[in-house]
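Hi,

Here is the structure I promised to send over. Have a look at it first, and then read on for what turned up.

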Amino acid sequence: MTDVQRSVSAELDRIAPVIDELGRRFRGAGHELHLVGGPVRDAMLGRQHNDLDFTTSARPEQTERLLKGWADAVWDIGRAFGTIGCRRGDWQVEITTYRSETYDPSSRKPDVDFGDTLAGDLGRRDFTVNAMAVSVPDRTFEDPFHGVVDLAHRVLRTPGRPEDSFSDDPLRMMRAARFAAQLGFSVDPAVVSAMTAMADRITIISAERVRDELVKLVCAPYPRLGLGLLVETGLAGHVLPELPALALERDEHHRHKDVYEHTLTVLEQSIELESRLPGGGPDFVSRFAALMHDVGKPRTRRFVGDGTVTFHHHDVVGAKITRKRMKALRFSNDQIDAVSGLVELHLRFHGYGTGEWTDSAVRRYVRDAGDQLERLHVLTRADCTTRNRRKAERLRRTYDDLEARIARLSEEEELASLRPDLDGNQIMAILEIPPGRVVGEAYQHLLELRMDRGPMSSEDAEAALREWWAARG
C-alpha cells in the first residue's frame, strides 16, 4: 500500500461514522452518494477536517427527507444551487445534486441545471484535483480526469478546456490563484494562458465572491504564489489594481527591489511574525495591511534634482486608496478601518530616531494605534527589508526599545484605556455647564494634557481645566 493509499484509508476510517451511515441511507432509497472534491483531495494529502462535501443523484427535496432523523440540524440555504447542508455532531456536511453550472456572459449569477451522472458532475468541477470522488458506502475511488496524477505532480489543471471552465464560471480563475497559494502547486501553462486571455471576464463576478477568494488567498500558506499569478495574468488589474501598479515604482530605500517585490517580502515577513498576535494567525488584517502599506507610492513619487526619488505622504495617500479599494470589495467597516489605519501609521515609527521620543509621543503612538497596536508592531518590523545587516539590527533594537517603553508606560499608566483625569460629569460640575459641544472640547483639552504630562491629580486636573476655561473667555 502506498503512502497516499494509507492516508486515504486512514481518513475514510476516521470519517466512517458519517460516510458509511449516509451511504447506506441513500442507497437504501435508490440514490447514489459520493464523497467529492476537497475532502478527497485533502485525504490524499494527509490533511484532516470535519467539513465533508458529497454529490448525489437525489434531488434536493429527496436529500432533505433522507437527512431528517439522522442529522442534528438541517438547512437549505443552498437549495437554489442543489445543496442541502446539515450538522451531525462535530461534522458539517453539504450534499449537492449532480449538476452543471454556467454563467450567462453578462450575468453575475450562475444558471444551475441538475445532472444525472457522477462523471458529468465531476467534469464541471474547477480542477482535476477536485474532480475525484469516493462512492459510499462501498468506498470505490472515481478519478475520470486523472486528478491523482496531477496531485502527485502538484499541478492545477482543469478537467476539460480551461477556456470552457472559465467561461462557465470566471471565479475559477481566482480559485486557481487561491489553490496555488493554499497548496503550493504550480498552474498548468494552458490554464495560465486562458486566465490571461479571459481576465476581463472576472468583472461579471460579484465583489463579495471576489473578496472571499482574495481573503482565502491572502490567508493561505503561500500567498506570494497566488498574488504573483494574479499579477502575471492581468487578473489583479481588475480585482486589486494597486498591486501591479507597484511593479513600476522603485523604492527609494531599497533600490535593489521595486516596490512590488518589497511589498511581497514585507507580506512574507509579517507572516513570520504572526505568532506575536493573539491566535497566532493567519491574520487577514495584518497580512492585507502589509500588502497595501505602500500603495500610495505611485501617486506620490517625485524626482529630486540630485537623482533621488521621494514619496512624501504616501502613508496618508495609501490609507485613502486602501479604504476606497476595500469598500469596492465590500469589506466590513471594521476591517476597512483596521487596515487603512495601519497603512496610515506604518511610517510613524521612523520619527523615533534612536529613541528621542518623549513619553508624550509614545503615548500618542499607542493612542493612535488603538486596538491595532500589536498589528502595527508586526507591520513596522516586517517593513524592514534592507540587506544591510547592521542597519537591520539597529532598526530591530530601536523598535525593541520603543516596545519596552510602551510596556513600561502601559504598566504605569494603563495606556490601553487612556482617558483624561476628569470625566464629562466632573467637567460639567466644575464649570457649571450643561451637556454640549463645550464639554467635548474641555474633555479633548484634558486628554491632550494627559498625553503631554502623564497622570495628574484631581486637583491639578481641575486647576488646568479652570485655566483653560478662563483663557477661553
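How many helices and strands are there in the protein? There are 24 helices and 13 strands, and bear in mind that this is a predicted model.

**The whole protein**

Let's begin with the overall picture. Along the principal axes, the C-alpha atoms fill a box of roughly 85 × 60 × 45 Å. The protein has 473 residues, and 49% of them are buried. It exposes about 22,200 Å² of surface, with carbon and sulfur atoms supplying 49% of that area. If you take the contacts with a separation of 6 or more, 66% of them involve residues 24 or more positions apart.

**Three strands side by side**

Now scroll to residues 73-75, which are strand 3. This strand pairs with strand 4 (residues 83-88) in the antiparallel sense, over three bridges. Strand 4 is also joined to strand 5 (residues 91-97), again antiparallel, by six bridges.

Cys86 is a handy residue to click on here. In strand 4, Cys86 is the bridge partner of Val74, and Cys86 has a bridge partner in strand 5 too, namely Val93. While you're there, check the hairpin of strand 4 and strand 5: it has two residues between the strands, and Gly89 takes a positive phi near 60 degrees. One thing to keep in mind when you look at strands: in a regular strand the side chains alternate between the two faces of the sheet.

**Around Thr140**

Next, go to Thr140, which lies in strand 9 (residues 140-142). Is Thr140 buried, exposed or partly exposed? Thr140 is partly exposed, because its relative accessible area is 34%, which falls between the 20% limit for buried and the 50% limit for exposed.

What does Thr140 touch, leaving aside its neighbours within four places in sequence? The answer is Ala133, Val134 and Ser135. Its side chain also makes a polar contact with the side chain of Asp138, at 3.4 Å. Val129, eleven residues from Thr140 in sequence, is 17 Å from it in space, C-alpha to C-alpha.

**A nonpolar patch**

Last stop: Phe141, Val148 and Val149 make a nonpolar surface patch of about 220 Å². Val149 sits in helix 6 (residues 147-153). With a relative accessible area of 40%, Val149 is partly exposed, and that lets it count towards the patch because patch residues need over 30%.

Happy exploring!

How values were computed. Residues are numbered from 1 along each chain as its sequence is written. This is a predicted model: local features need pLDDT of at least 70, side-chain atom pairs count only at pLDDT 80 or more; totals for chains, interfaces and linings use all residues. Side-chain values use heavy atoms; hydrogens and water are left out. Patches are made of residues with over 30% relative accessible area and no salt bridge: like charges are joined within 9 Å, nonpolar side chains (Val, Leu, Ile, Met, Phe, Trp, Tyr) within 5 Å. Accessible areas come from the Shrake-Rupley method with a 1.4 Å probe; for residues, only the protein chains shown count as cover. A salt bridge is a side-chain nitrogen of Lys or Arg within 4 Å of a carboxyl oxygen of Asp or Glu. Helices (H or I, at least four residues) and strands (E, at least two) are DSSP runs, numbered from the N terminus. Buried means under 20% relative accessible area, exposed over 50%, partly exposed in between (1.4 Å probe, protein chains only). Contact means heavy atoms within 4.5 Å. A polar contact is a pair of N or O atoms within 3.5 Å; within protein, one must be able to donate a hydrogen and the other to accept it, and residues adjacent in sequence count only if both atoms are side-chain atoms. Two strands pair if DSSP finds at least two bridges between them.
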